[in-house]
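Let us walk through this model, starting with the chain as a whole and ending with a single helix.

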Amino acid sequence: MLTVEETIGVTEAAQIPKQRGEQLLDSAVRYAEERHWDVFPGTWLEAVDGMERCSCGDTACPAAGAHPARPDWATQATGSAVVARRLWGKQPKASILLPTGRTFDALDVPEAAGFLALARMERMDLTLGPVTCTPDRRMMFFVLPGAAAKVPDLVRKLGWSPSGIDLVARGEGHYVAAPPTRVGGHGAVQWARRPTPANRWLPDVEELICPLAYACAREAATAREAAAARARQG
C-alpha cells in the first residue's frame with residue numbers, strides 16, 4: 001500500500017513541511033512499482049537570494065518546480081521502478097510528473113466543484129479512482145484512458161460546454177503533478193483520494209461526468225453571479 005496522506009476532508013490545505021528528496025524518490029518508485037504508472041522527473045525548486053525559484057530559470061514561471069525539464073519528456077517517462085530510482089537518484093529534488101493518456105486520463109476541475117462532486121459521488125456510492133488536490137485550487141480525478149476524447153460530447157449532451165464550466169480533460173500529450181510535489185511557494189500536491197488496492201481499477205469517464213459537470217456548472221454560475229454583482233456595485 002502507498003504510504004501517502006489520508007483523504008483530505010476540507011478544502012483548506014494543511015501546512016506542508018519542507019519537501020525532502022527521499023520522499024520524492026520513494027514516491028516515484030512506488031507509483032511505478034505498485035500502480036504501474038509511468039513517471040518522469042520535472043523541474044524543482046531552488047533557493048535563490050532567499051526565495052524559492054524554478055530550476056528552469058524563469059523568475060515568473062507559472063508552475064515553478066512542477067513542469068517538464070526537457071521537451072522530450074514523453075520519451076523520458078518510465079514505468080520501471082529501477083529506472084525511476086536511478087532518475088531521482090540523479091536529481092532527488094525533481095518533481096514527480098505523470099503523463100496522462102497512458103494508464104489514466106485526468107479530469108481537471110476547480111477545487112470547490114471537485115469537493116462538491118466528490119461528496120455527491122460518495123452519496124451515490126460511485127466507484128472512484130485516486131483524486132489529487134493542487135496548490136492552485138484544482139482537483140484531478142483519475143479515470144480510464146480515452147476520457148479526453150469523450151468529454152466534449154458528453155458535456156454538451158448534458159447541456160453545457162467544457163470551457164464554459166471549466167472542466168478540462170487531460171489525455172495524451174499532457175501530464176499531472178503527483179504528491180508530494182511542491183508548486184512554487186503555494187504548497188504541495190496532495191491526495192484528496194489516495195491510491196489504495198480498492199481503487200486500482202479506475203472508473204470510466206461516463207460514470208463520473210454527470211456529477212462533475214453539474215458541480216462545475218454550479219460553480220461557474222456562482223462565479224458569474226458574483227462578477228455581475230461586483231460590476232453593479234462598481
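## From the whole chain to one helix

Among contacts in the protein chain between residues at least 6 apart in sequence, those that join residues at least 24 apart account for 81%. The model is a predicted one, and in it the protein chain has 6 helices and 10 strands.

The overall dimensions can be read in two ways. Taken along the principal axes, the box filled by the C-alpha atoms of the protein chain is roughly 50 × 45 × 30 Å. The radius of gyration of the protein chain is 18 Å, which agrees with the value near 17 Å that a compact globule of 234 residues would have. Of these 234 residues, buried ones make up 47%, while the surface that the protein chain exposes comes to about 11,800 Å², with carbon and sulfur atoms supplying 52% of that area.

Helix H3, which spans residues 81-90, shows how burial is arranged within one element: Ala81, Ala84, Leu87 and Trp88 are buried there. Seen down the axis of H3, these buried residues fall within an arc of 120 degrees, and therefore they line one face of the helix. On the face of H3 that is turned away from this buried side, the exposed residues Val82 and Lys90 are found.

Val82 also takes part in a contact at the start of H3, where its backbone nitrogen lies within 3.3 Å of a side-chain oxygen of Ser80. Val82 thus appears twice in this description, as an exposed residue on the face turned away from the buried side and, through its backbone nitrogen, as the partner of Ser80.

Terms used. Residues numbered from 1 in each chain as written. Predicted model: local features only at pLDDT ≥ 70, side-chain atom pairs only at ≥ 80, totals over all residues. Heavy atoms only, no water. Buried < 20%, exposed > 50% of the residue type's maximum accessible area, 1.4 Å probe, protein only. Helix = DSSP H or I, 4+ residues; strand = E, 2+ residues; numbered from the N terminus. Arc of directions from axis to C-beta. Polar contact = N/O pair within 3.5 Å; in protein donor to acceptor, adjacent residues only side chain to side chain. Rg over C-alpha atoms; globule rule 2.2 N^0.38 Å. Contact = heavy atoms within 4.5 Å. Areas by Shrake-Rupley, 256 points an atom, 1.4 Å probe, with all protein chains shown as cover.
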